[in-house]
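Please walk me through this model. I would like short questions, each with a reasoned answer.

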Amino acid sequence: MQLKDRVAIVTGAGQGIGATVARAYAREGAKVAVIDLNIDAANAVAAEIVANGGEALGVACDVSNRDQVLAMAEQVTAKWGRVDILVNNAGITRTAMLNKMTPEQWQQVLGVHLTGAFNCLQAVVGGMIERQYGRIIYVTSTAGLLGTIGQINYSAAKAGILGMTKSTAKELARYNITANAIAPGAATPMTETIRTDERFKEKYLDRIPLGRWAEPEEIAPVFLFFASDASSYVTGQILAADGGMTIH
């Protein structure tokens, strides 16, 4: 088991890639805190993990709310003693063309993706530094690498994650803490419109050399790699698991 006895926090884990990653970590021996704004969804994933012989805890948390994040991290630490792995996966979209986007739509998306990731990082990094061990995994997007139409807020937030990843890696390397980011292909509920709407489906697929959509189960092994000792000498990297979409 690659993650035996490790303690992992996975945000946005009530559905999609986050839920798949939480299950994958549990199968590899990790104790997993399933974090989601929707407590019913978080508890459902946690219950599934426990039913399959793993250890998991569902926790409701709005990652953009610092007090909630600190309380969440305290709850996880109280249960399992520490946090070894943080997956900053929680995200939202608020779609609008840039000339029509409201300040609220802008702030909401940056609040979850950027401030949320920062809140979670600060909540757990002290313990990681003390123990001289940690794995930080950020989730960016092809939108952060290439830009996109109708989601300047999301693209800006995901591009910001790239800078956060590299800065985190440089600051924390001395403590044996790695930080890496994953840019998944279209495999999440947030991309359902792109994958199902005939106005976008074919145009988007034409940009993917592998010619098909990703499945969450295909993305999860990349998260496992960055959480495990297999990536102990890898930090500050951005890995695009996107079917070749961002080939330069």
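The questions below cover the sheet, one helix, a cavity and a pocket in this predicted model.

Q: In what order do the seven strands of the open sheet stand?
A: The sheet is open, and its pairing is parallel. From one strand to the next, the twist averages 20°. Read across the sheet, the order is S3-S2-S1-S4-S5-S6-S7.

Q: Which strands stand at the edges of the sheet?
A: An edge strand has a single partner strand, so one side of it is left without a neighbour in the sheet. Two strands fit that description. They are S3 (55-60) and S7 (238-241).

Q: Which residue in S4 stands opposite Ile-9?
A: Strand S1 covers residues 7-11, and strand S4 covers residues 85-88. The two run parallel and are joined by three bridges. Opposite Ile-9 stands Leu-86.

Q: How far does helix H4 reach from its first C-alpha to its last?
A: H4 spans residues 103-131, which makes 29 residues. At 1.5 Å a residue, 42 Å is expected. The value in the model is close to that, at 41 Å.

Q: Where is the kink in H4 centred?
A: The helix bends by about 40°. Just after H4, Gln-132 takes a positive phi of about 60°. The kink itself is centred on Gly-111.

Q: What is the volume of the largest cavity?
A: The count comes to one cavity of 30 Å³ or more. Its lining includes Thr-11, Asn-88, His-113 and Lys-158. The volume is about 70 Å³.

Q: Which element gives the most residues to the lining of the largest cavity?
A: Two elements give two or more residues to this lining: H4 and helix H6 (152-172). By class, the lining divides into six nonpolar, five polar and one charged. The top contributor gives four residues, and that element is H4.

Q: Which residues lie nearest the centre of the second largest pocket?
A: This pocket has a volume of about 220 Å³. Its lining holds 14 residues. Nearest the centre lie Ala-26, Arg-27, Ile-49, Gly-53 and Gly-54.

Q: Which element gives the most to the lining of the second largest pocket?
A: Helix H1 (16-27) and helix H2 (39-51) are the elements that give two or more residues to the lining of the second largest pocket. The leading one supplies three residues. That element is H1.

Q: How many charged residues are in the lining of the second largest pocket?
A: Sort the lining by class. Four residues are nonpolar, and four are polar. The charged residues number six.

Definitions and conventions. Residues are numbered from 1 along each chain as its sequence is written. This is a predicted model: local features need pLDDT of at least 70, side-chain atom pairs count only at pLDDT 80 or more; totals for chains, interfaces and linings use all residues. Side-chain values use heavy atoms; hydrogens and water are left out. The expected span of a helix is 1.5 Å times one less than its number of residues. The bend at a residue is the angle between axes fitted to the seven residues ending there and the seven starting there. On a 1 Å grid over the protein atoms alone, a cavity is a set of points where a 1.4 Å probe fits but cannot get out, and a pocket is an open set with protein on both sides within 12 Å along at least five of seven lines; lining residues have an atom within 4 Å of a point. Grid points are joined across faces, edges and corners, and a volume is the space filled by probe spheres set on the points. Ala, Val, Leu, Ile, Met, Phe, Trp, Tyr, Cys and Pro count as nonpolar, Asp, Glu, Lys and Arg as charged, and the others, Gly among them, as polar. Two strands pair if DSSP finds at least two bridges between them. Axes are lines fitted to C-alpha atoms, for helices over the stretch in contact, and angles run from 0 to 180 degrees between N-to-C directions.
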